[in-house]
Amino acid sequence: MLATANNDNTTEVKPDEKEAGGKPKPVVILTLGMAGSGKTCFMQRINAYLHAKEKQPYVINLDPAVFEVPYPANIDIRDSVKYKEVMKQYQLGPNGGIITALNLFATKFDQVLSILEKKEGLDFILVDTPGQIEVFTWSASGTIISEAIARSYPTVIAYVMDTVRCTNPVTFMSNMMYACSIMYKTRLPLIVVMNKIDVVDNKFAVDWMADFETFQEALDAHPSYSSNLSRSMSLVLDEFYQDLRSVGISAVTGNGCTSFFSAVSGAVKEYYDEYLPYLEELRSAIRTRKQGEMEEQMKKLKVDRGEEVPLHQGGSQDEYSSNLPPSFSNYEDPDGSDEEDEEDVQYEESSMAEASFDRFRLT
């Protein structure tokens, strides 16, 4: 489905999935995008839009290096982790400092989820991420945070791209590749937000996604090695475009906000129809694996305690005897006495079982 409406006449999203108490679950909008694409301005715009519609948003800022945010953040990573102190203490550069700050914050993210669970009447949770997209997208802390949120609330990724810079078809293809990689990595519903349409209309980008030949013609005007690569990749992404939601929006004027939230409504449905079953399959596979590991450990424990000796399936008594320890199968009495031989075997078996149990108890 290729959603590209730019008008404000579509219906707005109404989160109708219920929590245990019958209240609607808030929808999480996780904002990602290249540096300079306008993520923070986009966050400010949709926050203002929701307040104007009398919806209750809850805003989380995960950028530890931002100097100032133009919106009131309910939870701000800068209140918990001091970015410059992290750089000084661990002797890190800018990107290393951001990653370390996110890692430290991720260790306490369960407290963030606890705070969200106590909040009532929320309609949306807006999450702003660091300007360096790779710091969040491909880091362990970014994965932990995004998966923790997605397990608890319907989550939609808003990938913000700079429409002005994407007039270059090579830059456009780079953004599409990144959007594709994020979608397949997280498996979450994704909306491509073409920002800054007050400067350049996004119709050219919509045409490029809908018509392969139109994009090829644009590449012909920029002959280079990168153009050849983009031409090849456009064939690969043709199927990706068919299921992609994209909207044009202006973070300055607010044009396209209603279309964006209409796309969010469809993405939330996709979350419940596709992501939750996938998540349940993962949980079932983990439970099955853990149960198998536990049964295997119990079998090993019984063998160590002498309660059970493993047999080869379909094996004969001779094969069984050959698998026993020497004291069980090949014990020889130097005196040749059968009675003493039997007593020694019984004594040896009892001693081995007690020793095995003592080792288990000490560990």
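Trainee: How many residues apart are K269 and D273 in helix α12?

Mentor: Keep in mind that we're looking at a predicted model. Helix α12 covers residues 257-304, and K269 and D273 are separated there by about one helical turn. In sequence terms, that spacing is 4 residues.

Trainee: How far apart are N and O where the side chains of K269 and D273 meet?

Mentor: Side chains of opposite charge can pair when their charged atoms come close. The cut-off for a salt bridge is 4 Å, and K269 and D273 do form one. Their N to O distance is 2.8 Å.

Trainee: Is K269 buried or exposed?

Mentor: Let's take its partner along for the ride. D273 has 45% relative accessibility, so D273 counts as partly exposed. K269 has a relative accessible area of 54%, and exposed means over 50%, so K269 is exposed.

Trainee: Which residue forms a salt bridge with R289?

Mentor: Stay in helix α12 and look 4 residues along from R289, about one turn of the helix. R289 is partly exposed at 46% relative accessibility, and the partner is partly exposed too, at 45%. The closest N and O atoms are 3.7 Å apart, and the partner is E293.

Trainee: Which residues do salt bridges that share partners join into one network?

Mentor: Here the bridges don't stand alone, because a shared partner links one salt bridge to another. The network that results is made of E280, R283 and R287.

Trainee: Which helix do K203 and D207 both lie in?

Mentor: Their side chains meet in a salt bridge, 3.0 Å from N to O. K203 is exposed at 52% relative accessible area, while D207 is partly exposed at 30%. They sit 4 residues apart, about one turn, in the helix of residues 203-210, which is α8.

Trainee: How many salt bridges does the structure hold?

Mentor: We've been through several, including K203 with D207 and R289 with E293. Across the structure, the total is 9.

Trainee: On to the rings: is the pair F124 and F261 stacked or edge-to-face?

Mentor: The whole structure has 13 aromatic pairs, and F124 with F261 is one of them. Their ring centres are 5.4 Å apart and their planes stand at 65°. Planes over 60 degrees apart fall in one class, so the pair is edge-to-face.

Trainee: How many residues apart in sequence are the parts that F124 and F261 tie together?

Mentor: F124 and F261 are both buried. F124 belongs to strand β4 (residues 124-128), whereas F261 belongs to helix α12, so the pair ties together parts whose separation in sequence is 137 residues.

Trainee: What is the angle between the ring planes of F260 and F261?

Mentor: Both F260 and F261 are buried. Their ring centres lie 5.1 Å apart, and the pair is edge-to-face because the planes are at 75°.

Trainee: Which residues do ring pairs link into a cluster?

Mentor: Start from what we have: F261 pairs with F124 and also with F260. Adding the rest of the linked rings, the cluster is F42, Y49, F124, F260 and F261.

Trainee: What pLDDT does the protein average?

Mentor: Of the residues, 79% score at least 70. Residues 1-16 are below 50, yet that stretch has 49 contacts beyond near neighbours in sequence. Residues 355-363 are also below 50, with 5 such contacts. For the protein, the average is 82.

Terms used: Residues are numbered from 1 along each chain as its sequence is written. This is a predicted model: local features need pLDDT of at least 70, side-chain atom pairs count only at pLDDT 80 or more; totals for chains, interfaces and linings use all residues. Side-chain values use heavy atoms; hydrogens and water are left out. Helices (H or I, at least four residues) and strands (E, at least two) are DSSP runs, numbered from the N terminus. Buried means under 20% relative accessible area, exposed over 50%, partly exposed in between (1.4 Å probe, protein chains only). pLDDT is the predictor's confidence in each residue, from 0 to 100. Contact means heavy atoms within 4.5 Å. Rings of Phe, Tyr and Trp (its six-membered ring) pair if their centres lie within 6.5 Å; planes under 30 degrees apart count as stacked, over 60 as edge-to-face and the rest as tilted.
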